[in-house]
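Reader: I am new to this structure and would love a close look at one part of it. Could you walk me through a sheet and what packs around it?

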Amino acid sequence: MTAQINPTRSTQDYQALDAAHHIHAFLDQKALNEKGALVIAKGQGLHLWDTDGKRYLDGMSGLWCTALGYGREDLNAAATRQLAELPYYNLFFHTTHPRVIELSELLFSLLPAHYSHAIYTNSGSEANEVLIRSVRRYWQILGQPQKKIMIGRWNGYHGSTLGSTALGGMGFMHEMGGMLPDFAHIGEPYYFAEGGDLSEEAFGLKAARELEAKILELGAENVAAFVAEPFQGAGGMIFPPASYWAEIQRICRQYDVLLCADEVIGGFGRTGEWFAHEHFGFQPDTLTIAKGLTSGYIPMGGLVFSKRMAEVLVDRGGVFAHGLTYSGHPVAAAVAIANLKALRDEGIVSRVKNDTGPYLQKLLRETFANHPLIGDVQGAGMVAALQFAEDKASRKRFANENDIAWHCRTVGFDEGLIIRSTLGRMIMAPALVATHAELDELVEKTKRAVDRTGRELK
Ligand code: PLP
């Protein structure tokens, strides 16, 4: 497949202008400026093209968001129609509009019956800011305003705004002025690294019981909520042992602590279930959503509330002094509707569950079962991680695993594959529409990148 690319400048000109005006996310800008950024100009299906016409397989759905892949005409048409009909209106005070109502009708038809209300945002970070404020408001209405500490997990990621940074557990982000009072963290359920001699099941219970110890240390009367990703995304695609979530849920219920799932990556079919908490079999009080809600075609996120929380916030709360100009934006809502209908009506989520997901997972496990650099493969549906290891049997990690993973990512790009390295692991999350042939290409190119890494770093 060749792409119609219409750059109006040379790659070097774009790179010079990019260097002159941008500070890229999570990268040393000065070092990048010496090499020049990769300028992506076109996307179609699972493939991207840069301004020099080089083709890449996007193994990351952008940033875990393009669930439907690139170039969907139905999403384009939905946005265009809505721009002509009503490009902007809002849910401040007493107004609303048809598209956001239709979106919620559809969204709640896909969610378990336990949920009833939503506040929409522009992003996952904003949705977690809404979470922090809503949780405080909830306990305030219930006459417990001191119950406001939120517990997250080390290496959890919940966004880049101040509240979401404090909620997240990225130490290097906290060190840059990103920590706030009333946030605490417990360890991640990372069996490969921390499991020691325990069975996975025993380790899952031990990791969950860190929450109980933290609640007792802080005083249950002060702890508002536990917030975590069902599987940890940016922090290494860590899948907790099967015993973990049931125990977390028991602890939250026992100590009257809200259980909040960040579904920004896991939501909308990534694991083969509509929501990742369904994959793990627990029932959160709130869900943070974004990314796959619109396949990333237009910014939109949101916070979903359980009926129990909504009853308090709505029936007993009076005014919630909170609002975002673009909450429930009609164009974003129109795109979200088209996106969710495609995921449902084209059977994409059920295909991930029953066909393409198991295909990818089996292929990865077969390909890397005896690879000398890989100690573990984790994942479900269209999300997976490869763990680098010096010795698989003893689960010994490389001391320089971050450098190894970064090198693998770099040679991946060279091989025409977009894959990501995080905390010493390679992670992938292709579009949910990936075919068997595209998944073959993904795994073959990943293998080539890992093999080259082994040769080049010897
Ligand atoms: N929560 C999770 C689990 C995420 O992975 C992300 C982003 O990657 C966010 C929240 C923040 O979302 P956004 O970048 O849209 O603000």
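**A sheet and its helices**

Author: Happily! In this predicted model, let us start with an open sheet of four strands, in the order β11-β12-β15-β14 and with antiparallel pairing. The edges belong to β11 (374-380) and β14 (420-422); each has a single partner strand, so one side of each is left without a neighbour in the sheet. On average, and ignoring direction, neighbouring strands here are turned by 25° against each other.

Now look at the β14 edge. Strand β14 is joined by three bridges to β15 (residues 425-428), and the two run antiparallel. Within this pairing, R420 stands opposite I427 in β15.

Two helices come next. Helix α15 (residues 348-368) lies across β11, β12 (383-388) and β15, and runs at about 175° to β11. Helix α16 (residues 401-414) also packs on the sheet, where it touches β12, β14 and β15. The direction of α16 makes about 130° with that of β12.

From here we can step out to the nonpolar cores. The largest has 105 residues, and F388 is one of those with the most contacts inside it, along with L107, F226, L340 and L343. Helix α14 (residues 330-345) gives this core its largest share, eleven residues. A second, separate core has 23 residues, including Y138, A166, F183 and C260.

How far can you trust the picture? The chain averages a pLDDT of 97, and 99% of the residues score at least 70. For the model as a whole, the scores are ipTM 1.00 and pTM 0.98.

Definitions and conventions
Residues are numbered from 1 along each chain as its sequence is written. This is a predicted model: local features need pLDDT of at least 70, side-chain atom pairs count only at pLDDT 80 or more; totals for chains, interfaces and linings use all residues. Side-chain values use heavy atoms; hydrogens and water are left out. pLDDT is the predictor's confidence in each residue, from 0 to 100. Two strands pair if DSSP finds at least two bridges between them. Axes are lines fitted to C-alpha atoms, for helices over the stretch in contact, and angles run from 0 to 180 degrees between N-to-C directions. Contact means heavy atoms within 4.5 Å. A nonpolar core is a set of buried Ala, Val, Leu, Ile, Met, Phe, Trp, Tyr and Cys residues joined through side-chain atoms within 4.5 Å. Buried means under 20% relative accessible area, exposed over 50%, partly exposed in between (1.4 Å probe, protein chains only).
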